[in-house]
Amino acid sequence: MIESLRLLHDRITGAAPPPELLKEMTRAFEDLAVELGLYAVSEREQITGHRIDLPGRGQALVPVFTVDESDDEHVRGSVRFGRYYLGGNGAAHGGAIPLVFDEMLGRLANAGGRPISRTAYLRVDYRSITPLDRDLRAEAWFDREEGRKRFLRGAIFDGETRCAEAEGLFVALNPGQP
Ligand SMILES: CCCCCCCCCCCCCC(=O)SCCNC(=O)CCNC(=O)[C@H](O)C(C)(C)COP(=O)(O)OP(=O)(O)OC[C@H]1O[C@@H](n2cnc3c(N)ncnc32)[C@H](O)[C@@H]1OP(=O)(O)O
């Protein structure tokens, strides 16, 4: 379902359908929304974002980061920004790129049985445009740890070109902290 939703996002973004089709789609979306409303659940019971066995944890917000190799200190894989994430002139939106870094760095920060942490800051440097519809190399690694503070870094490459890089601070939560 989420794969189909991602495809739909890309197709909607890249299409200018005639008014009749727009009306038909609007009705279909509204009907689906009503039907899904009948099955509303709490955050704990929801499926999207909780299925770590599915690409992108089964959520449609963040572009899918596909892991090729990982250990507790490092992760390497690929990411592809579809048409949905277009900013302009063929480049990914500057707000879509931090989504990927937060996901990559956040997952690594919490890997290896470490207590759960949250992003305190995420700094992103855009070194060149991040193109759409290409498999881009993406990496994240632990820089250092100071008490509850975990400093991680990451980068996204198009071939040899460094598209963007990030540094994030993740702070381990105290017991009972939301
Ligand atoms: C369930 C299945 C899914 C599982 C998959 C999961 C994958 C998830 C992947 C996605 C993952 C996505 C993850 C997400 O997106 S998490 C969502 C986005 N993040 C948040 O909502 C976090 C909001 N902020 C907070 O909750 C608190 O501020 C935190 C918890 C971060 C710290 O507040 P807390 O009261 O606990 O601690 P403290 O204030 O005493 O600070 C402690 C230390 O940290 C230093 N410090 C703090 N902030 C900053 C800063 N901005 N720059 C520099 N330093 C900073 C501070 O100086 C101190 O250092 P020191 O003085 O001790 O040296």
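Reader: In which loop is Arg-57 found?
Author: In this predicted model, Arg-57 is not part of a helix or strand but of a connection that follows helix H2, residues 19-37. The element at the other end of that connection is S1, and the place of Arg-57 is therefore the loop between H2 and S1.

Reader: Is Arg-57 buried, partly exposed or exposed?
Author: The class depends on the number of other C-beta atoms within 10 Å, where 20 or more would make a residue buried and 12 or fewer would make it exposed. Arg-57 has 19 such atoms, so it falls in between and counts as partly exposed. Its backbone also carries a positive phi of about 55 degrees, although Arg-57 is not a glycine. The class asked for, resting on those 19 atoms, is partly exposed.

Reader: Asp-53 lies in the loop between H2 and S1; is Asp-53 buried or exposed?
Author: Within 10 Å, Asp-53 has 7 C-beta neighbours. The C-alpha atom of Asp-53 is separated by 23 Å from that of Thr-119, which is 66 residues away along the chain. Because the limit for the outermost class is 12 or fewer, the 7 neighbours of Asp-53 make it exposed.

Reader: Which value does phi take near Asp-133, a residue other than glycine?
Author: Asp-133 lies in the loop between S5 and S6, and with 13 C-beta neighbours inside 10 Å it counts as partly exposed. Its phi is positive, and the value is near 55 degrees.

Reader: How confident is the predictor in the protein chain, on average?
Author: For the protein chain, 100% of the residues score a pLDDT of at least 70. For the complex, the predictor gives a pTM of 0.95 and an ipTM of 0.94. The average pLDDT of the protein chain is 97.

Reader: What pattern of helices and strands does the protein chain follow along the sequence?
Author: The secondary structure comes to three helices and eight strands. Their C-alpha atoms belong to a chain that fills a box of roughly 60 × 40 × 25 Å along the principal axes. Read along the sequence, the pattern is α-α-β-β-β-β-α-β-β-β-β.

Reader: In what order do the six strands of the open sheet stand?
Author: The pairing in this sheet is antiparallel, and its edge strands, each pairing on one side only, are S1 (65-70) and S5 (117-126). Neighbouring strands are turned by 25 degrees against each other on average, with direction ignored. From one edge to the other, the order is S1-S2-S6-S7-S8-S5.

Reader: Which residue of S6 stands opposite Gly-77?
Author: S2, residues 74-79, pairs with S6, residues 136-146, in the antiparallel sense over six bridges. Within S6, the residue opposite Gly-77 is Ala-138.

Reader: Which residue in S2 is the bridge partner of Glu-69?
Author: S1 and S2 are joined by a hairpin through three residues, and they pair in the antiparallel sense over five bridges. In S2, the partner of Glu-69 is Arg-76.

Reader: Which helix packs on the sheet?
Author: The helix in question spans residues 96-109 and touches S1, S2, S5, S6, S7 (149-158) and S8 (161-172). Its direction makes about 135 degrees with that of S5. The helix is H3.

Reader: Why is Ala-109 classed as buried?
Author: Ala-109 lies in helix H3 and touches Ser-117, Arg-150, Leu-152 and Phe-170, leaving aside residues up to four places away in sequence. Its C-alpha atom is 9.1 Å from that of Leu-169, which is 60 residues away in sequence. A residue is buried if 20 or more other C-beta atoms lie within 10 Å, and for Ala-109 the number of these atoms is 25.

Reader: Which elements give two or more residues to the shell around the ligand?
Author: The ligand is surrounded by 18 residues, the closest being Gly-106, Arg-118, Ala-120, Tyr-121 and Val-171. By class, the shell divides into six nonpolar, six polar and six charged residues. The elements giving two or more residues are H3, S5 and S8.

How values were computed: Residues numbered from 1 in each chain as written. Predicted model: local features only at pLDDT ≥ 70, side-chain atom pairs only at ≥ 80, totals over all residues. pLDDT = per-residue confidence, 0-100. Pairing = 2+ DSSP bridges. Helix = DSSP H or I, 4+ residues; strand = E, 2+ residues; numbered from the N terminus. Axes fitted to C-alpha atoms, helices over the stretch in contact; angles between N-to-C directions. Contact = placed C-beta atoms within 7 Å. Near = placed C-beta within 6 Å. Nonpolar A, V, L, I, M, F, W, Y, C, P; charged D, E, K, R; others polar.
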